[in-house]
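Subject: The structure you asked for

Hi,

Here is the structure for you to open and turn around on your screen. My notes on what turned up follow right below it.

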Amino acid sequence: MPKYKKYITLLLLGFSGGAIFVFPYLKYIFYDDVLTSLGIGNADSGLLLTAYSLGCVALYIPGGILADKLSPRISVVASLFAATALTLIFAFFFNFASALVVWFLMAFASGFVFWSAVLKAVRIISEEQDQGLMYGIYYSANGAATAIINYLCLKVFGYSGGGSHGLFMAVLLMAGFTGVSAIALMFFLKGFEKSETKEEDKFKFADLSLVVKNPSVWMVSIIFFCIYAVYTCSSYFTPYLTWLGMSADNSAELSILRINMAMMIASPIGGYLADKVFKSTLKWIMYGSILLAISIVATVMVGGDNLRLTSIISIIPGWLVMSMYGIMFSSFKEINVPVKVSGTAIGFASIISYSPDLFMNTVFGTVLDKYQGADTMTAYKIIFLSLACLAVLSVILSLWVLSRNAVKKNQISERLVNN
């Protein structure tokens with residue numbers, strides 16, 4: 001594949017990946033507005049992501065296997081059209097009951113074949129030595145898309161007078177972006193799979209054991225769990241800053257900087273650090289997780305004593321976690337996962353790594369509801385210190401996998417010398 005086409009493909013795939021996930025994570029930007037418009041509480045808001053995650057968990061492995069057998073064009077385009085339709089359904093049936101159904105069905109659009117197909121496509125068009133950087137570029141485009149879409153949605157929300165009508169207009173805009181992405185990729189990905197997949201590299205069901213029997217796949221999946229848990233629950237920095245006294249609009253705009261802009265800039269930086277500085281994705285995850293735990297604790301310690309400083313510190317965990325989240329699947333090459341089963345491996349790892357959405361938002365939402373009022377700070381301490389503990393667990397497991405890899409390399413070297 002020509003170099004220019006490689007980068008254009010990455011950018012288009014990244015944009016579509018950003019567009020399709022804006023709607024399921026609507027509360028990241030419109031947290032308070034979703035609660036008010038649907039007439040629900042924090043726990044109910046968490047249930048939406050629980051419904052979405054239940055569908056994803058059930059579909060990750062079959063979706064990964066299907067992604068290894070179908071063309072990326074069919075998988076990606078069909079998923080984007082399905083996401084567009086579901087977003088429009090929510091817009092015109094604006095209530096909590098329909099929202100639960102839509103969020104569950106969104107798993108079929110984004111967590112089924114789309115997720116594994118997109119990430120496998122990134123690995124296929126990447127050079128082995130530059131996979132961290134290429135995944136970083138993909139997530140950079142992903143972050144740029146979500147930043148632009150969320151910013152425009154905020155503006156449309158404001159221009160439409162806010163409230164339920166403003167949210168309705170913002171959701172329509174989200175549907176427009178996924179629809180345009182589907183149309184663009186329908187033409188651009190034509191013939192993509194034919195030139196990239198050799199016969200000997202095609203997936204066979206017997207190859208599933210290569211994924212399941214690799215203990216390192218299990219360990220990195222738990223590492224991904226820790227990273228994703230911090231990423232998905234970083235949405236709680238938005239209501240946290242609002243509770244401390246920041247305006248809802250400023251807190252939402254800061255969320256775009258913390259999550260979307262971080263994805264756009266921090267992901268390629270993380271890829272560069274993994275490829276060129278640490279020469280290992282897992283090494284960067286280990287050191288990055290140490291800094292991540294420290295930054296989360298610092299946000300809690302400063303608290304409301306200095307709102308400006310707290311708002312600045314709250315950006316740091318988002319940038320650190322995105323520098324790792326954006327490249328975590330590039331670690332598959334370090335643990336010797338073959339390309340032909342990478343879709344299945346992504347699906348398998350995703351069941352574990354994305355399971356925080358099954359319960360964490362609901363649990364943390366319940367904690368917030370329980371400690372409303374004078375004890376709200378207690379709730380936020382529970383939330384953020386729990387995330388800091390997960391970052392520490394990521395450090396320990398990364399060290400375990402790196403040590404295991406080092407032992408295996410020494411054993412191989414000893415065999416070569418003996419032979």
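First, a bit of vocabulary: a helix here is a DSSP run of H or I that covers at least four residues, and the numbering of helices begins at the N terminus. With that in hand, you can place Thr 87, which sits in helix H4. Please keep in mind that you are looking at a predicted model.

**The whole chain**

The chain has 18 helices and zero strands. Its C-alpha trace spans about 70 × 45 × 35 Å along the principal axes. The radius of gyration is 21 Å, and a compact globule of 419 residues would have one near 22 Å, so the two agree. Of those 419 residues, 58% count as buried. If you take the contacts with a separation of 6 or more, 85% of them join residues that are 24 or more positions apart. As for the outside, the chain exposes about 16,600 Å², and 67% of that comes from carbon and sulfur atoms.

How confident is the predictor? The average pLDDT is 84, and 91% of the residues score at least 70. Among the elements of the chain, helix H13 (residues 281-302) has the highest mean pLDDT, at 94, while helix H9 (residues 208-212) has the lowest, at 73.

**Helix H4**

Back to Thr 87 for a moment. Is Thr 87 buried or exposed? Its relative accessibility is 2%, so Thr 87 counts as buried. Beyond its neighbours within four places in sequence, Thr 87 touches Phe 23, Val 171, Met 174 and Ala 175.

Ala 82 is also worth a look, and you will find it in helix H4 (residues 72-92). Ala 82 has a relative accessible area of 30%, so it is partly exposed. From Ala 82 to Phe 108 there are 26 residues in sequence, but in space their C-alpha atoms are 8.2 Å apart.

**A nonpolar patch**

Phe 108 comes up again on the surface. Together with Leu 54, Val 101, Phe 104 and Leu 105, Phe 108 makes a nonpolar patch of about 430 Å². Which helix gives the largest share of the patch? That is helix H5 (residues 96-110), with four residues. Val 101 is found in helix H5, and because its relative accessibility is 48%, Val 101 counts as partly exposed.

**Two loop residues to click on**

Ile 327 is in the loop between helix H15 (315-325) and helix H16 (342-353). Being in a loop does not put Ile 327 on the outside here: its relative accessibility is 0%, so Ile 327 counts as buried. Leaving aside neighbours within four places in sequence, the contacts of Ile 327 include Gly 132, Tyr 135, Ser 267, Ala 274, Thr 281 and Trp 284. Gln 131 and Ile 327 are 196 residues apart in sequence, yet from C-alpha to C-alpha the distance is 8.3 Å.

Now try Lys 279, which lies in the loop between helix H12 (248-277) and H13. Lys 279 is not a glycine, but it has a positive phi of about 55°. Is Lys 279 buried or exposed? At 63% relative accessibility, Lys 279 counts as exposed, because the cut-off for that label is over 50%.

Have fun exploring!

Terms used: Residues are numbered from 1 along each chain as its sequence is written. This is a predicted model: local features need pLDDT of at least 70, side-chain atom pairs count only at pLDDT 80 or more; totals for chains, interfaces and linings use all residues. Side-chain values use heavy atoms; hydrogens and water are left out. Buried means under 20% relative accessible area, exposed over 50%, partly exposed in between (1.4 Å probe, protein chains only). Contact means heavy atoms within 4.5 Å. Patches are made of residues with over 30% relative accessible area and no salt bridge: like charges are joined within 9 Å, nonpolar side chains (Val, Leu, Ile, Met, Phe, Trp, Tyr) within 5 Å. Accessible areas come from the Shrake-Rupley method with a 1.4 Å probe; for residues, only the protein chains shown count as cover. A salt bridge is a side-chain nitrogen of Lys or Arg within 4 Å of a carboxyl oxygen of Asp or Glu. The radius of gyration is taken over C-alpha atoms; the globule rule is 2.2 Å times the number of residues to the power 0.38. pLDDT is the predictor's confidence in each residue, from 0 to 100.
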